[in-house]
Amino acid sequence: MDAAVNVETPINADVTPAALKSKVLRHLTYTLGKDIANATSYDWRMALSFAIRDHIVAPWFASTKRTWAENRKRVYYLSMEFLIGRILEDATVNLGLRDAAEEVMASFGQDFRGLVEGEPDAALGNGGLGRLAACFMESMATVGCPAYGYGIRYEHGLFKQSFQGGQQIEMPEDWLNMSNPWEFARPESAYTIPFKGEVKTIAGREVWTPGETVLASAYDTPVIGWQGKWANTLRLWAAKSTQMFDLERFNRGDFAAAAEPEALARTLSRVLYPDDTTYQGKELRLKQEFFLTSAALQDILRRFKAQNSNLRDLPKFVAIQMNDTHPAIAGPELIRLLTDENGLSFEDALDTARGCLGYTNHTLLPEALERWATFTFGTTLPRHMQIVERIDSWHRRTYNPPHYIGIVKHHEVRMGELAFVMAHKVNGVSALHSDLVKKSLFPELNALHPDRICNQTNGVTPRRWLKMSNRPLSDLITKTIGVGWEADLDRLRELEPHIAEQPFLDAFDAAKRENKVALAAWIDENCGVKVSPDALFDVQIKRIHEYKRQLLNILQTIAHYQRIKADPEANWVPRVKIFGGKSAPGYAVAKEIIHLINDVAQVINNDPEVGDRLKVVYPANYNVSMAEHLIPAADLSEQISTAGKEASGTGNMKFMINGAPTIGTLDGANVEILQEVGAENFFLFGMTTEEAMKRREDPEQSRKAIEASEALPGVLQAIAEGVFSPSQKDRYHGLVHRVWHHDYFLVAADFDAYDAAQVEVDKAYADRARWVKMAAMNTARSGFFSSDRTIRSYMKDIWSIDSAL
């Protein structure tokens, strides 16, 4: 790498607006084939993107060349999701070129903010899992950890969400309808991925003859770190047919059959998490996971063998991190590649694979730990079924568990157990979660391997989630403590002495209000609801799931509405309840909760007696870009999952960094947020994990909780009577019945505590001096939750790799 790459100033510090303007014009003319007079906003965005990309390529090449020259160990991060968001503004921030880009585009009569908003979000993920992977990629580049991210280049992502009559409607994402200026096609990096067929023993060796094959073709996106000092690669795989277009069939008029191989192959990289309620859906999901993993491992071995000859040395140069159980097939596939294609013995291949692999668990929900029917697994991946059974047998024989711990058990292949057995390290993602992984999720395996599980509390990148998304606050921080905090978030503690100073608090409050005014305008434009920036902005944005308890939130909102209706002239603290998130297409209960939220919003927002005292807003199609609007303007962060169910959460960290106190349970990383910020700056409620487990032992617990509550019976009665669904009064009878009789996630049991905590929120917000101090203290004490800290911990405890910077 050039010496200029590894310095304390941005690599592009000497880039003038004039030089950037020249590059924009060159790309407008020679890359896009447009002149200034006929260029559209799309053309200008693309020209600027290509110009910014030019400044990424130099450090990207330098980082790659240095890694090759020094034969450095690399991290390979395998994830089904990379929720990277828009790249243009993020890249200009990390390169130190945002101000120059704004100036240049203004000189062309173009609004930089408008161009940024025109960039589509890459539809490569769904929720926290994918956003964490994106934060990790950016932090690995920032701290100089040589790395590749491996994922799938989904054409249509999860889905584009809209609401029709309050109900979620799923449409395909169309982010690739426009050219993606950030990716480089790598057709030379393509690998054949086999499926199905049969395995025969020939000359003492197992030989797999696949029945189907597809081609995995690579597309590379450079990921630039802070100040452009290092860059890594996100490599996404697109599925293509291994068979040529059937011209003979086409000429016979059988057009559909002629294109069938190509269409079937592309199915693998069309949609994230296809509905698996059918056998075909289950098979497609398994194929997708193997497609990603096999392509990545073949690529890793090719790169290793280009400089090294002894495959037993693979762990010295390769660290492979499995992001949840989706890539858990990596263990058997790496053994297959090492034995069947490279001649290692099973024992050597097993030892080598385990030396490379790490497994991050992200869930305590049993249904989220993937299990495949042995028929599906064995039919789709017959060679891997053999290898999994051999791994299972080896593990039982080697560790002699006191009772049967099966990877293959009850006619299922258990991917969580497989990942655990094949990884040299297993980590949870918050202190509480890691403890529960040991005690509740894998207690028998933990007893056999007591040093294998470790904790790596999640983090988020402060470059995107503060420096870029919240310019008013980040400018105030820089003015107050100076430059450099972006790569050393612990320095935010230097804000604490200033929290005692009124001018700082006034400036902090003004920054928040500026964001709220902007969000109020955005809500008006996108949702058609007028909200007051003086109101408390109360935000819950996350995947819709029963354990995340959006239902608890909306039930308490109804209770609050009923109180306002009973005494409209009381001194109510105005509140705007903001929801965001998607439900899985086949998750009927979650979709019913979405419908209820929208129905309640329709009634409350059109009630003239309530007015600005309470509004409910649910903008459709929540994604990274929407979060960048919502989080900086949030006053209150809703982190209200049932204790013992949330692994960590990262939204909670983003809100904290941006000065929003949390209302939450002792779940996931909330525990560590509470420790950092102090009880006086956190609205704690609800049962602990142990209390929740004990509560479930009583089959009548939900009925007892409802009957003991002053407010909840009236809330449920109003829903059941159709107050919020007058055109179909029985619409929510099933949902109400569920709360009364099948309340596994303890909505009723925690309702009164949550309701009381919301009263305390109102009291605190009404005392402006107290509230602003609480908000500022959340920002000042958020340094621990930088993903830079998390990545350095992975590097030390799991990957055994040093920084190149």
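# A walk through the salt bridges, rings and cysteines

Start by selecting lysine 160 and aspartate 174: their side chains form a salt bridge, with the closest N and O atoms 3.3 Å apart. Lysine 160 belongs to strand β3, while aspartate 174 is in the loop between β4 and β5, 14 residues apart from its partner. Both ends can be reached from outside to some degree: lysine 160 is partly exposed at 30% relative accessibility, and aspartate 174 is partly exposed at 35%. Keep in mind as you go that this is a predicted model.

**More salt bridges**

Now pick Arg86, Glu89, Arg98, Arg113, Glu117 and Asp121 together. Salt bridges with shared partners join Arg86, Glu89, Arg98, Arg113, Glu117 and Asp121 into one network. The total for the structure is 68 salt bridges.

Next, select glutamate 183 and arginine 153, whose closest N and O atoms are 2.7 Å apart in a salt bridge. Glutamate 183 is in the loop between β4 (167-171) and β5 (184-195), and arginine 153 is in the loop between β2 (147-152) and β3, so to speak 30 residues apart along the chain. Are glutamate 183 and arginine 153 buried or exposed? Both are buried.

For a mixed case, try glutamate 70 and arginine 66, which meet in a salt bridge at 3.0 Å, N to O. Here glutamate 70 is partly exposed, with a relative accessible area of 40%, whereas arginine 66 counts as buried at 16%.

**Rings against rings**

Time to show the aromatic side chains. How many aromatic pairs does the structure hold? There are 26. Select phenylalanine 163 and tyrosine 618 for an edge-to-face pair, 4.8 Å centre to centre and with 70° between the planes. Phenylalanine 163 lies in strand β3 (residues 160-164) and tyrosine 618 in the loop between β19 (614-617) and α23 (624-633), so this pair ties together parts that are 455 residues apart in sequence. Phenylalanine 163 is partly exposed at 24%, but tyrosine 618 is buried at 6%.

Then jump to phenylalanine 683 and tryptophan 771. Their planes are at 20° and their ring centres 6.0 Å apart, so this pair is stacked. You'll find phenylalanine 683 in strand β22 (residues 683-684) and tryptophan 771 in helix α31 (residues 768-780), 88 residues apart. Both phenylalanine 683 and tryptophan 771 are buried.

For a bigger group, select Tyr76, Tyr148, Tyr150, Tyr191 and Trp237, which form one aromatic cluster. While you're there, add arginine 303: its charged end sits over the ring of tyrosine 148, 3.9 Å from the ring centre. You can look for a similar arrangement at arginine 789, where the charged end sits over the ring of phenylalanine 784, 4.0 Å from its centre.

**An enclosed helix and a surface patch**

Colour helix α11 (residues 330-340). Why can it be called largely enclosed by the rest of the structure? Because 11 of its 11 residues are buried. They include Glu333, Arg336 and Asp340.

Now switch to the surface and select Phe245, Leu247, Phe250 and Phe255, which make a nonpolar patch of about 410 Å². Leucine 247 is found in helix α7 (residues 247-251).

**Last stop: cysteines**

How many disulfides does the structure hold? Zero. Select cysteine 135 to see an example: the nearest cysteine sulfur, that of cysteine 145, is 15 Å away. Cysteine 135 is buried, at 1% relative accessibility, whereas cysteine 527 is partly exposed, at 26%.

Key:
Residues are numbered from 1 along each chain as its sequence is written. This is a predicted model: local features need pLDDT of at least 70, side-chain atom pairs count only at pLDDT 80 or more; totals for chains, interfaces and linings use all residues. Side-chain values use heavy atoms; hydrogens and water are left out. Rings of Phe, Tyr and Trp (its six-membered ring) pair if their centres lie within 6.5 Å; planes under 30 degrees apart count as stacked, over 60 as edge-to-face and the rest as tilted. Helices (H or I, at least four residues) and strands (E, at least two) are DSSP runs, numbered from the N terminus. Buried means under 20% relative accessible area, exposed over 50%, partly exposed in between (1.4 Å probe, protein chains only). A charge sits over a ring if NZ of Lys or CZ of Arg is within 6 Å of the ring centre and within 35 degrees of the ring normal. Patches are made of residues with over 30% relative accessible area and no salt bridge: like charges are joined within 9 Å, nonpolar side chains (Val, Leu, Ile, Met, Phe, Trp, Tyr) within 5 Å. Accessible areas come from the Shrake-Rupley method with a 1.4 Å probe; for residues, only the protein chains shown count as cover. A salt bridge is a side-chain nitrogen of Lys or Arg within 4 Å of a carboxyl oxygen of Asp or Glu. A disulfide is a pair of cysteine sulfur atoms within 2.5 Å.
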